[in-house]
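Here are some short exercises on a ligand and the pockets of a protein. Try each one with the model open, then read on for the solution.

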Amino acid sequence: MKFFIDTANIDQIKEAASYGLLDGVTTNPSLVAKEGKNFRELLGEIVKIVDGPISAEVVSTDYEGILKEAYELAKIHKNIVIKVPLIKEGIKAVKTLSEKEIKTNVTLCFSAAQALLAAKAGAAYISPFVGRLDDVSTNGMELIKQIVTIYRNYNFKTEVLVASIRHPLHVVDAAIMGADVCTMPFDVIEKLFNHPLTDIGLEKFLSDWKKLNQ
Ligand code: E4P
């Protein structure tokens, strides 16, 4: 399973990349707004840090506008993936972009029916938001199970990119279900490393070793 980081923060991307396990980056307009930097310059920095898919989201909601933004963003670097919202105009644009071999990540997916549309349009990635579903008392990971099954049934090439991840259990469940990618906030990546028994065990090993006086 691929690990993406879900942030536009350069320090977090650098730190996560230094572990050697990072396969890509996803951003969204809210994450970019938090950084207060020029979007294109920010993408230019990110592509230098991570050699993998970097999702950059359009803010137009009409077919022509989405395509115009997509072509401009795609010019920045070969690794830029165009993030498009799951609306009618977005799906139309995804179909056109996939015919031109421009990769897309269809975002704001909250149902299996929507995921089916994205795959049929030729999206490279579908982003179901598990945390936001959990927030409204709907099992987000159940949606991942459904999408993985549907895509396998028809051998769709669209990769299931689990988004809106809130904790390590989302990541473990995604891996058990066979999702292709998890995009995680920095703090979730950090939490994957942690186990209290590891800390206690290491402390004991080191203190026992110290007693040996070698
Ligand atoms: C997906 O690509 C989005 O950037 C993201 O995962 C949304 O997460 P949130 O629900 O924590 O904002």
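For sorting residues, Ala, Val, Leu, Ile, Met, Phe, Trp, Tyr, Cys and Pro count as nonpolar, Asp, Glu, Lys and Arg as charged, and the others, Gly among them, as polar. This is a predicted model, where local features need pLDDT of at least 70, side-chain atom pairs count only at pLDDT 80 or more, and totals for chains, interfaces and linings use all residues. Residues are numbered from 1 along each chain as its sequence is written, and side-chain values use heavy atoms, with hydrogens and water left out.

**Exercise 1.** Find the residues around the ligand and sort them by class.

Step one: look for residues with a heavy atom within 4 Å of the ligand. They are Asp6, Asn28, Lys83, Phe129, Arg132, Ala163, Ser164 and Arg166.

Step two: sort this shell, which gives 2 nonpolar, 2 polar and 4 charged residues.

**Exercise 2.** Look for polar contacts (pairs of N or O atoms within 3.5 Å) to oxygen atoms of the ligand.

Step one: start with Asn28, whose side chain has an N or O atom 2.8 Å from a ligand oxygen.

Step two: go on to Lys83, where a polar side-chain atom is 2.6 Å from an oxygen of the ligand. For Arg132, a side-chain N or O atom also lies 2.6 Å from a ligand oxygen.

**Exercise 3.** Describe the largest pocket by its volume and its lining.

Step one: a pocket is an open set of points on a 1 Å grid over the protein atoms alone, where a 1.4 Å probe fits, with protein on both sides within 12 Å along at least five of seven lines; lining residues have an atom within 4 Å of a point.

Step two: the volume, the space filled by probe spheres set on the points, is about 350 Å³.

Step three: the lining has 22 residues, made up of 7 nonpolar, 9 polar and 6 charged.

Conventions:
A polar contact is a pair of N or O atoms within 3.5 Å; within protein, one must be able to donate a hydrogen and the other to accept it, and residues adjacent in sequence count only if both atoms are side-chain atoms.
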